Amino acid sequence: MALPNKKLTLPAAEERRRFQRVKVHLLGRYMLPDRREFPCQVINMSPGGLALLAPGIGNVGDRVIAYLDHIGRVEGKITRIIDNGFAMTIGATARKRDKLAAQLTWLANRDILNLPEDRRHDRIVPRNPIAVLTLDDGTKMTCRIIDLSLSGAAIAAETKPPLKSQVMLGRVASRVVRNLEDGFAIEFVHPQ
């Protein structure tokens, strides 16, 4: 007696995806090849693609450039049309995909972990990242600025000051707000 052949099939969308999608609600805008721009809302995203609600829908294969809150500029091609929008790939380098993965992890977990709603200012990496940090007891130490914004900085240093302690980054009064894997984050007392 022959047993019926049962073939395990995954939904088509699952088979094609290289990255796990996370549900996010990000606003932004996008531009189609004919240079028309529309507002949009991302409903799920991965480092390799995203689905968004959109009023102006192009054709499968059309190139799309999107500017998304918290993410920035992404570009790719429309892969399929969905109700009230479309799904698209994200063309990115491995480094950009890693950065997207970190941003998506933060966005997906910010509510669960009670993280601040979002960064108030864009972060940059300074050309000369070496600085002097003065602890609240007057001790000075050399540190490396990982990144910097108008309201704070991420610092790499051998010693991590206690949370909420007052420090000076150069001549800028700050306080320690968070520990990082390779350092700590400070918030400037007065935005710079």
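# A tour from the core outward

Start with the largest nonpolar core, which has 23 residues. Select Tyr30, Met45, Leu50, Leu68, Ile71 and Phe86: these touch the most other members. You are looking at a predicted model. Now colour the elements that feed this core. Strand 1 (22–31), strand 2 (37–46), strand 3, strand 4 (63–68), strand 5, strand 6 and helix 2 (94–109) each supply at least two residues. Strand 2 gives the most, with four.

**Stop 1: Met45**

Select Met45 and show what surrounds it. Leave out residues up to four places away in sequence. What does Met45 touch? Its contacts include Gln20, Arg21, Val22 and Val24. Leu50, Leu68 and Ile71 are also among them. So are Ile90, Leu100 and Leu104.

**Stop 2: a second core**

Zoom out and look for another nonpolar core, separate from the one above. This core has 16 residues. Pick Ile155, Val167, Ile186 and Phe188, which are among its members.

**Stop 3: strand 6 and its partners**

Return to the larger core and select residues 85–89, which form strand 6. Is this strand mostly covered or uncovered? Mostly covered: four of its five residues are buried.

Add residues 49–53, strand 3. Strand 3 and strand 6 pair in the antiparallel sense, over five bridges. To find one of the pairs, select Leu52, whose bridge partner in strand 6 is Phe86. Phe86 is also one of the core residues you picked at the start.

Next add residues 72–82, strand 5. Strand 5 and strand 6 run antiparallel too, joined by four bridges. Here, select Arg80; its partner in strand 6 is Ala87. Then follow the chain round the hairpin of strand 5 and strand 6, where two residues lie between the strands. Asn84 takes a positive phi near 60 degrees in this hairpin.

**Stop 4: Val64**

Move to strand 4 and select Val64. With 0% relative accessibility, Val64 counts as buried. Which residues does Val64 contact, leaving aside neighbours within four places in sequence? Tyr30, Met31 and Leu32 form one run of contacts. Val74, Glu75, Gly76 and Ile78 are contacts as well. Phe86 and Met88 complete the list. Try a distance to Gly76: the two C-alpha atoms are 5.5 Å apart, although the residues are twelve apart in sequence.

**Stop 5: helix 2**

Select residues 94–109, helix 2. This helix has 16 residues. From first C-alpha to last it reaches 22 Å, close to the 22 Å expected at 1.5 Å a residue.

Which residues of helix 2 are buried? They are Arg97, Leu100, Gln103, Leu104 and Leu107. These five cover an arc of only 125 degrees around the axis, so they sit on the same side of helix 2. An α-helix has 3.6 residues a turn, so residues three or four places apart point the same way. The buried residues of helix 2 pack against strand 1 and strand 2. Now turn the view to the face away from the buried side. Ala94, Arg95, Asp98 and Lys99 are the exposed residues there.

Two more residues of helix 2 deserve a click. Lys96 is partly exposed, because its relative accessible area is 25%. Apart from residues up to four places away in sequence, Lys96 touches Ile71 and Arg73. Ala102 is partly exposed as well, at 48% relative accessibility.

Keep both on screen and add Pro47. The C-alpha atoms of Lys96 and Pro47 are 8.3 Å apart, with these positions 49 residues apart in sequence numbering. For Ala102 and Pro47 the C-alpha separation is 9.3 Å, at 55 residues apart along the chain.

**Stop 6: Ser165**

Jump to the loop between strand 9 (152–156) and strand 10 (166–169), and select Ser165. Is Ser165 buried or exposed? Ser165 counts as buried, at 9% relative accessibility. Its side chain reaches the backbone oxygen of Pro162 at 2.7 Å. Beyond its neighbours within four places in sequence, Ser165 is in contact with Asp136, Ser174, Arg175 and Val176.

**Last view: the whole chain**

Deselect everything and colour by secondary structure. There are two helices and twelve strands. Along the sequence, the pattern reads α-β-β-β-β-β-β-α-β-β-β-β-β-β. Of the 192 residues, 35% count as buried. Among contacts with a separation of 6 or more, 46% come from residues 24 or more positions apart.

Note on methods:
Residues numbered from 1 in each chain as written. Predicted model: local features only at pLDDT ≥ 70, side-chain atom pairs only at ≥ 80, totals over all residues. Heavy atoms only, no water. Buried < 20%, exposed > 50% of the residue type's maximum accessible area, 1.4 Å probe, protein only. Pairing = 2+ DSSP bridges. Core = buried A, V, L, I, M, F, W, Y, C linked by side-chain atoms within 4.5 Å. Contact = heavy atoms within 4.5 Å. Polar contact = N/O pair within 3.5 Å; in protein donor to acceptor, adjacent residues only side chain to side chain. Expected span 1.5 Å × (residues − 1). Arc of directions from axis to C-beta.
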